[in-house]
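Please open the structure in a viewer and keep the selection tool at hand. This tour proposes one selection after another and states what is found at each stop.

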Amino acid sequence: MAVPVSVTRLDDGAWWHVVLGGSKGHIFDAALMDALDEVFREARRTPSLKALVLEGEGAHFSFGASVQEHLPDQVAGMLDRFHRLVFTLLDSHVVTLAAVRGQCLGGALELVTLCHRVFATRDARLGQPEIALGVFAPVASVALAHRIGQRHTEDLCLTGRTIDASEALAMGLVDEIVEAPPADAALHWARTHLGPRSAASLRLAVRAVRARLVASLRTELPAIERLYLDELMQTPDAVEGLRAFLEKRAPQWRQP
C-alpha cells in the first residue's frame with residue numbers, strides 16, 4: 001500500500017516538504033487525514049521548523065474528500081476527523097504553503113484555503129463542488145470568506161463551479177501563478193522571506209495574525225456541522241446526490 005503522506009526535511013529541518021499520495025487523486029480518506037494530522041502534530045512539537053510546503057504527488061493536488069465516507073453511515077466520523085485535522089493544522093502555528101497543480105477540489109481546497117500562501121501552476125483547477133452532490137462544504141463556508149470575501153465565497157459554494165488559476169489569482173484564492181514546479185517556488189519564497197526570521201517569533205506571529213480566523217471557526221463550525229448532520233443528511237437529495245456520483249449518473253432531485 002502506498003504511503004498516504006511523506007515528509008522530506010530540508011536545510012537542517014527549517015522547511016518540510018509534505019507530499020500527499022496513497023491513492024489516485026490523493027483522496028482525503030481516513031488514512032490520509034490521520035497521516036496528515038500526525039504531520040501537523042509533529043510540526044507543533046518541532047520548534048526549529050519555520051514553514052512546510054504541502055503538495056500532491058504527480059499531476060494533481062487532490063480530488064478532495066472521499067465521497068463514500070460522506071454517506072450516512074460514515075459521515076459523522078468523516079466530518080469529525082476532517083475538522084480535527086483543520087484545528088490540528090491551525091494549532092501547529094507553523095507557516096504553511098500550498099503548491100497546487102491540476103485539480104484541487106472540495107476538502108483539499110478547504111485545507112489549501114487555510115494555508116498562508118498558495119502557489120499554483122497555470123493548469124491548476126480549484127473548486128468547492130459539494131453542492132453538485134447535494135451537500136455543502138462546512139469549513140469553506142467559514143474560512144473562504146476570510147480569504148476571498150463573502151461574494152466570492154457564495155459564488156464558489158453555491159454554484160460548485162471549478163475555476164482556473166487566473167480567476168483564482170484575481171479572487172485572492174491563489175497568491176502566485178508560477179512556471180517552475182510550485183513546490184520549488186514555495187521553498188524559494190520561504191527561504192527568501194522567512195529564512196532570516198526567528199522560528200519562535202514566527203510561531204507567535206502566526207498565532208496573532210490567525211486569531212480572528214481561528215475564533216470564527218471554533219465559534220461557527222460546530223453549528224454548521226450540526227446543520228450538516230441533523231438537517232442536510234436527513235434530506236433525500238443529499239443521499240441521492242452522493243449515490244449518483246458514486247454510480248456515475250445524473251442525480252434525480254426530489255421536488256420540494
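**A tour in six stops**

Begin with helix α6, residues 182-193, which lies across β1, β2 (15-20), β3 (51-56), β4 (95-100), β6 and β9. Relative to β4, helix α6 runs at about 155 degrees. Please bear in mind throughout that the model is predicted.

*Stop 1: the sheet of 6 strands.* Select the strands named above and display them as a cartoon. They form an open sheet in the order β1-β2-β3-β4-β6-β9, and the pairing is mixed. The edge strands are β1 (5-10) and β9 (176-177), each of which pairs on one side only. In general, the strands of a sheet pair through backbone hydrogen bonds, in either a parallel or an antiparallel manner. Now select β6, residues 117-120, together with β9: these strands pair in the parallel sense over 2 bridges. Within this pair, A120 stands opposite I177 in β9.

*Stop 2: strand β3.* Select β2 and β3, which run parallel and are joined by 6 bridges. Here V18 stands opposite L54 in β3. Is β3 buried or exposed? Of its 6 residues, 6 are buried, so β3 is largely enclosed by the rest of the structure. As a general rule, the side chains of a regular strand alternate between the two faces of the sheet. To examine both faces of β3, colour A51, V53 and E55 on one side, and L52, L54 and G56 on the other; all of these residues are buried.

*Stop 3: helices α4 and α8.* Select α4 (residues 138-159) and α8 (residues 211-231), whose axes come within 8 Å and cross at roughly 150 degrees. An angle over 145 degrees counts as roughly antiparallel, and therefore α4 is roughly antiparallel to α8. The crossing of these two helices is right-handed. Next, show the side chains where they meet: P138, V139, S141, V142, A143 and H146 in α4 face contacts with R212, L213, S216, L217, E220, L221, I224 and Y228 in α8. The residues of this contact comprise 9 nonpolar, 3 polar and 2 charged.

*Stop 4: S216.* Remain with helix α8 and select S216, which lies in it. Because its relative accessible area is 14%, and buried means under 20%, S216 is buried. Leaving out residues up to four places away in sequence, S216 touches V142, H146 and L221.

*Stop 5: L114.* Move to the loop between α3 (107-113) and β6, where L114 lies. L114 has a relative accessibility of 0% and therefore counts as buried. Which residues is L114 in contact with, apart from its neighbours within four places in sequence? They are V86, L89, L90, A143, R210, L213 and L217. Two of the names in that list, L213 and L217, also appear in α8 at the meeting with α4. For a sense of scale, select L10 as well: L114 and L10 are 104 residues apart in sequence, and their C-alpha atoms are 23 Å apart in space.

*Stop 6: the sheet of 3 strands.* Finally, select β5, β7 and β8, which form an open sheet in the order β5-β7-β8 with mixed pairing. At its edges stand β5 (103-105) and β8 (162-164); each has a single partner strand, so one side of each is left without a neighbour in the sheet. On average, neighbouring strands of this sheet are turned by 20 degrees against each other, direction ignored. β5 and β7 (residues 125-127) run parallel and are joined by 3 bridges. To end the tour, select L105, whose bridge partner in β7 is G127.

Technical notes:
Residues numbered from 1 in each chain as written. Predicted model: local features only at pLDDT ≥ 70, side-chain atom pairs only at ≥ 80, totals over all residues. Heavy atoms only, no water. Pairing = 2+ DSSP bridges. Helix = DSSP H or I, 4+ residues; strand = E, 2+ residues; numbered from the N terminus. Contact = heavy atoms within 4.5 Å. Axes fitted to C-alpha atoms, helices over the stretch in contact; angles between N-to-C directions. Parallel < 35°, antiparallel > 145°, perpendicular 65-115°, else oblique. Left-handed = near helix turned anticlockwise from the far one by under 90°. Nonpolar A, V, L, I, M, F, W, Y, C, P; charged D, E, K, R; others polar. Buried < 20%, exposed > 50% of the residue type's maximum accessible area, 1.4 Å probe, protein only.
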